[in-house]
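Please examine the sequence and the model shown here before reading on. The explanation after them proceeds from the whole chain to its domains and then to a single sheet.

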Amino acid sequence: MKLKLYNTLTREKEEFIPLMEDPNYKWEKKDFVWMYSCWPTVYYTPHIGNLRASFSADLIRNTLKYFWYPVKAVMNITDVWHLVSDADDWEDKLEKWAKRDGISAWEVAKRYEEIFMRGLEDMNIEKFDVMPRATEHIKEQIELVKLLEEKGYTYEVPWDWIYMDTSKVDDYWKLIWPNYKKRLEELKAWERVDMKGKKNATDFALWKFSMVKGKREMERDSPWWVGFPWWHIECSAMSSKYLGEQFDIHHWGSDHITIHHPNEIAQAECWFGKKPRVKYWIHNEFLQVDWGKMSKSLWNFYSLEDIKARGYSPLDLRYFYFKAQYWNFQNFTWEALDQAKSERKGLIKKINSILESNEEGENINWKEKFQEALADNINTPKLLSELHIALAKWWKYAIDAIKELEDKILKIGLFAWELSEENQVPEDIIVLAEERKKAKSEKNYALADEIREKIKDKWWLVKDNKEWYELQKI
Ligand SMILES: [Zn+2]
């Protein structure tokens, strides 16, 4: 079965042919499918929109593995030098936050990196193969700026910036193309405000000079003057180091289609003179809250901690993400998360009951069904519906395929007995509930009622549904 992915570069759903199998690719040998994901800057607790991007990176990687590809995934850690706004501002977010918290910028970066990594762990997102930090790759970034300078792609605004001259890149618009008119309008609006010495509105910074040495915590010496690299170059430097001059997949949120990713392409293609820099550009769409943008001022900026504080498991959120395809907007509401929670719980119960039943059902190749759904640009809503069908029919034959799907893709605790800590039922109650279930199956309803009362005396309620029972604390 052929895996198809939507490639932003060609604007088509394309059959995935990695460089290692591509007859047109003749450069350095590849033993892996290499993918690279940018990551959110480390200066705040990630919100559930950021987590959806990490979830998507994990999903792409896991899908490739499910289709038998050997994969290496890189996700960078931006632990330095992001400025407050895209308007080429002077203040560094990390330093601003450090001042607020009374600690150093380095400590801020470390603190939020830990929070982010904990979030990944909670969400059953495995660590990526390489997770390089921007601060540990300054040398590489400087080297690449030097290379661009030697090749004549840069110019300097004295004591201020080194810019990349995008007028020398004839296909600069290739990734933006469908939205280029909108982008041009934005750029024109900026031009009216302040070009900061840029020759062309699309030119972007490579290096920012510190005006006064030592004013900032996070600055470095360079062949030009003390300062710091601008943020587009870090991804290009790290992806070149770990993935080579060309690689298979570059992924992150759709907000990077118009600025960050075209800049990454321009830098790397000018360095190496090889096109395309990346064969497949994959972008996940935003998560919205109540069909609007998440924002702190609207009090709808939720983190994983907020989710947990309301009694949800991080895996309920993980299941919720599966309900929309990664390239579509997804709308978050508490009702929707509630629905996801009860669906996940229902699936776990169903699996437990199937494991106990002897019915085998029809022998269908379920792995093929699951792969078919994923092959269609990782269509996870379709995947879930196949899963529900497989389980609704009590098809024990499906269990092996579901187990593999759970281990490799879903990772939502499907085979776990305990749903969550708050739902943990004491052992003696479970024993009584099982005795009651047995009595019922033997049609000994008097005994079943008697046991129900015993359970009630211990402050638990047993509620029957069609194929299972539920225990609830009184
Ligand atoms: Zn990036």
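The following paragraphs describe the overall chain, the contact between two domains, and one sheet with its helix.

This is a predicted model, in which local features need pLDDT of at least 70, side-chain atom pairs count only at pLDDT 80 or more, and totals for chains, interfaces and linings use all residues. Residues are numbered from 1 along each chain as its sequence is written.

The C-alpha atoms of the chain occupy a box of roughly 90 × 55 × 35 Å, taken along the principal axes. Its secondary structure comprises 15 helices and 14 strands; helices (H or I, at least four residues) and strands (E, at least two) are DSSP runs, numbered from the N terminus. Of the 474 residues in the chain, 38% are buried, a residue being buried if 20 or more other C-beta atoms, placed from the backbone, lie within 10 Å of its own. Among contacts in the chain with a separation of 6 or more, 72% join residues 24 or more positions apart. Two residues are in contact if their C-beta atoms, placed from the backbone, lie within 7 Å.

The domain assignment divides the chain into domain 1 (4-284), domain 2 (296-410) and domain 3 (425-473); such bounds come from an automatic or database domain assignment. The centres of domain 1 and domain 2, taken over C-alpha atoms, are separated by 32 Å. Where these two meet, 25 residues of domain 1 are in contact with 22 residues of domain 2. On the side of domain 1 that touches domain 2, the elements giving two or more residues are β1 (4-7), α1 (48-66), α3 (105-122) and β10 (278-284). The largest share of that side, 11 residues, is supplied by α1. By class, this side of domain 1 has 11 nonpolar, 9 polar and 5 charged residues. Ala, Val, Leu, Ile, Met, Phe, Trp, Tyr, Cys and Pro count as nonpolar, Asp, Glu, Lys and Arg as charged, and the others, Gly among them, as polar.

Attention now turns to one sheet. It is an open sheet of 4 strands, in the order β5-β6-β7-β8, with antiparallel pairing; two strands pair if DSSP finds at least two bridges between them. Because β5 (154-157) and β8 (227-229) stand at the edges with a single partner strand each, one side of each lacks a neighbour in the sheet. From one strand to the next, the twist averages 25°. β5 pairs with β6 (residues 161-164) in the antiparallel sense over 4 bridges, and Glu156 stands opposite Ile162 in β6.

Helix α4 (residues 138-150) lies across β5, β6, β7 (204-209) and β8, running at about 120° to β7. Axes are lines fitted to C-alpha atoms, for helices over the stretch in contact, and angles run from 0 to 180 degrees between N-to-C directions.

Terms used
A residue is buried if 20 or more other C-beta atoms lie within 10 Å of its own, exposed if 12 or fewer, and partly exposed in between; C-beta atoms are placed from the backbone.
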